[in-house]
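Okay, thanks everyone for coming. I'll put the structure up and we can walk through a few places in it together.

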Amino acid sequence: MELTPTLLILGFILVLSFYSTSAHNKYQEFIAANEHLEDDSSLLTYIVHVNKPSLQSKESLDGWYHSLLPDTTKTQTQQRVIFSYQNIIDGFAVKLTAEEAKALEEKEEVLSTRPEKIFSLHTTHTPSFLGLQQNQELWQNSNLGKGIIIGVLDTGIYPLHPSFSDEGMSSPPAKWNGHCEFTGKRICNNKLIGARNFVNSSLPFDDVGHGTHTSSTAAGRSVQGANVFGNANGTATGMAPGAHLAMYKVCSIYGCAESAILAGMDAAVDDGVDVLSLSLGGPAKPLFEDAIALGTFSAIQKGIFVSCSAANSGPAYGTLSNEAPWILTVGASTIDRKIEAIAKLGNGKEYLGESVFQPKDFASTLLPLVYAGSLNTSDDSIAFCDPFSMKNVDVKGKVVLCEQGGFVRRVVKGQAVKDAGGAAMILVNSELEAFNPIADVHVLPAVHVSYSAGLSIKDYINSTSTPIATIIFKGTVIGNPLAPQVASFSSRGPSKSSPGILKPDIIGPGLNIIAAWPISLDNSTISPFNIISGTSMSCPHLSGIAALLKNSHPDWSPAAIKSAIMTTANTLNLHEKPILDQRLKPADLFAVGAGHVNPLKANDPGLVYDIEANDYVPYLCGLNYTDIQVGVILQQKVKCSEVKSIPQAQLNYPSFSIILGSSSQFYTRTLTNVGPVNYTYNVVIDAPLAVGISVGPSEITFTEVKQKVTYFVDFVPEDNKIRGDNMIAQGSIKWVSGKYSVSIPISVIFV
């Protein structure tokens, strides 16, 4: 997919060279980055899990870790051990040869050794789109997130951006135990209270852009006049503008090393953050092998809320990252703002698309139109405007139609057209991406249109010997009634690591999001912003919203906050119709989870489905993990034979994911009252196709705050003739009382 995190990063570097070479040079001088590659290719970084002894000090624990290493490392021990983890796992990261790793694993104290994985990143108007406004209830009740600390694991941060000003902010809470590696006055302040680098020995400046963007989305201060090339102009504000920020740089242009991610989480837990935001991840793995799952379990045990991006590998099913049930897994949606451009053809037909770069000096004169795929029929890659394929092509003064994909970045396609003399580009979505064009900072006049529009444009080209076209720029348009819509790239469920848990949990704004950027793209003197897309952008929206809820309800657990977000989610778009996917068809639960976040309703959900850390033990044993594997997650010895394990769907989760065969299935859920007392709720069942559902009791009255009541749900398969060829079905269970409607989705896979 075009929106893979690595390509987003490389695209940033490309944008730097296209638009702001001087600014880039100044910034590079300022940060004095010294990224480097490992010199000894025979050594790999291993994550080592151990049975940790009862040692009190960090120094004594470090010494014990070193004592475990093979004799061949003794003369280089200090250089070999990269990170010693204190909080989130029992273990350390060390550079070893394969032989040394094998020798280490044979030691009684060592549970496992495995080579680290390299994870990738999942890469203004949104507060008002989500209903967050000055003096409005949630921002007012939560005091804009005042006193809450959001820890962001990312590519670093540009601390001098006005989004990170601390004007009028109070000091961090007394519990804050972190520090700032930046030097000089006013770099760290009461907004950016901490910044650390786990990638190398340099300062945690952002030489990618991703971390600055995500941080300001979660908690940026209000900055007036935010725009990119004059588009999306307005006041940029993060979700929790009163919250404090702490940056943990764990990623570089080369990706995100697992050892660094663990080290960043380890430090964040020790520092005292309240919310962790991770817009990064890797392919689905068993939870005991997933570094993010391991680290975040320790975080939620300490009351830290965790929000993670779902990944950008959609729209294919089973493409999620960050599937652990203690994580809020966030997919990406559109907002009601578009930066519109039109492809106008010689036959008078017009096709709507998007583009950020809208030069005012481009005369909308009809120009010769050519399809790139016809320029060299012996080269399949030329249809994608591959730079190498376009090298010897002359399209001077023409509008070139390029296909999306082909492992060529969108902006690079435009550069290839420009280098070949092209005047403009029409970029066409693939069939999978369908109706989700993306607004990019292109290098020439361009418009990104849908797949169906592309088919019509190709038909026009083939219908005449002299096809002509131009691009008309319309600027920023607000009010798309189809919003929110699932972004095509947003990864889909079902979960591979735990199919009995519905993922993603929620969707939030992730397409064409404007936020802070390290340098100006147009060499202007105003504060720099950029528009990019990905679940990397949706994740910090939810992180900021969680910070608001944590401030408004300091006694809520991470699971209660997650439940409030999920059970109050919107399932309809602005047009009061079911949320659509990239095909303009109703999106299924593997795309939207519980629905689109509604922060205002989440602040007053009425009831929540709470989960304590110990509740995950029978769930993990029910996954048929070994005692050692469960122990690695829990950081304690476990005997699953002595634990009453439960099936996955029995976890008190605010959704149901049912794998249904010929037998009925029986589960329970427990509700906790966080709303008014003496309220009676009645159940409303929307049964999935070919599934009978009974719920008891059907009426529940809550007479106390925090009162807990358990109900049962029986799922009964019906005649196969009813479901026909359908392999999946969906429905919901709602508990309704007055203004409250506490809803959980039900997904069913027939086997």
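I'll go through two bits of strand pairing, then a pocket, then one loop residue. Keep in mind that this is a predicted model.

Let's start with the open sheet. It has four strands, and the order across it is β27-β29-β33-β31, with antiparallel pairing. On the edges you've got β27, residues 607-608, and β31, residues 691-696, and each of those pairs on one side only. Now look at β29, residues 665-673, and β33, residues 708-717: they run antiparallel, and eight bridges join them. If you want a spot to zoom in on, find F666, whose bridge partner in β33 is D714. As a general reminder, strands of a sheet pair through backbone hydrogen bonds, and that can be parallel or antiparallel.

For a parallel case, scroll back along the chain to β7. So, is β7 enclosed or open to the outside? Six of its six residues, 192-197, are buried, so β7 is largely enclosed by the rest of the structure. Its pairing with β10, residues 244-249, is parallel and goes through five bridges. Within that pair, N197 sits opposite K249 of β10.

Okay, on to the pocket. I've picked the second largest one, which holds about 830 Å³ of space. What lines it? There are 35 lining residues, and the ones nearest the centre are A569, N570, T571, K734 and S743. Several elements give two or more residues to that lining: the helices α7 (137-141), α14 (558-567), α15 (589-592) and α16 (599-602), plus the strands β34 (728-737) and β35 (740-750). β35 has the largest share, with five residues. By residue type, the lining splits into 16 nonpolar, 13 polar and six charged.

Last stop is A423. You'll find A423 in the loop between α11, residues 410-419, and β21, residues 424-428. Is A423 buried or exposed, or somewhere in between? Its relative accessibility is 22%, and buried would need under 20%, so A423 counts as partly exposed. Leaving aside residues up to four places away in sequence, A423 touches F362, L367, G397, K398, L444 and P445. E289 is another matter: A423 and E289 are 134 residues apart along the chain, and their C-alpha atoms are separated by 50 Å.

That's what I had, so let's rotate it around and talk.

Methods. Residues are numbered from 1 along each chain as its sequence is written. This is a predicted model: local features need pLDDT of at least 70, side-chain atom pairs count only at pLDDT 80 or more; totals for chains, interfaces and linings use all residues. Side-chain values use heavy atoms; hydrogens and water are left out. Two strands pair if DSSP finds at least two bridges between them. Buried means under 20% relative accessible area, exposed over 50%, partly exposed in between (1.4 Å probe, protein chains only). On a 1 Å grid over the protein atoms alone, a cavity is a set of points where a 1.4 Å probe fits but cannot get out, and a pocket is an open set with protein on both sides within 12 Å along at least five of seven lines; lining residues have an atom within 4 Å of a point. Grid points are joined across faces, edges and corners, and a volume is the space filled by probe spheres set on the points. Ala, Val, Leu, Ile, Met, Phe, Trp, Tyr, Cys and Pro count as nonpolar, Asp, Glu, Lys and Arg as charged, and the others, Gly among them, as polar. Contact means heavy atoms within 4.5 Å.
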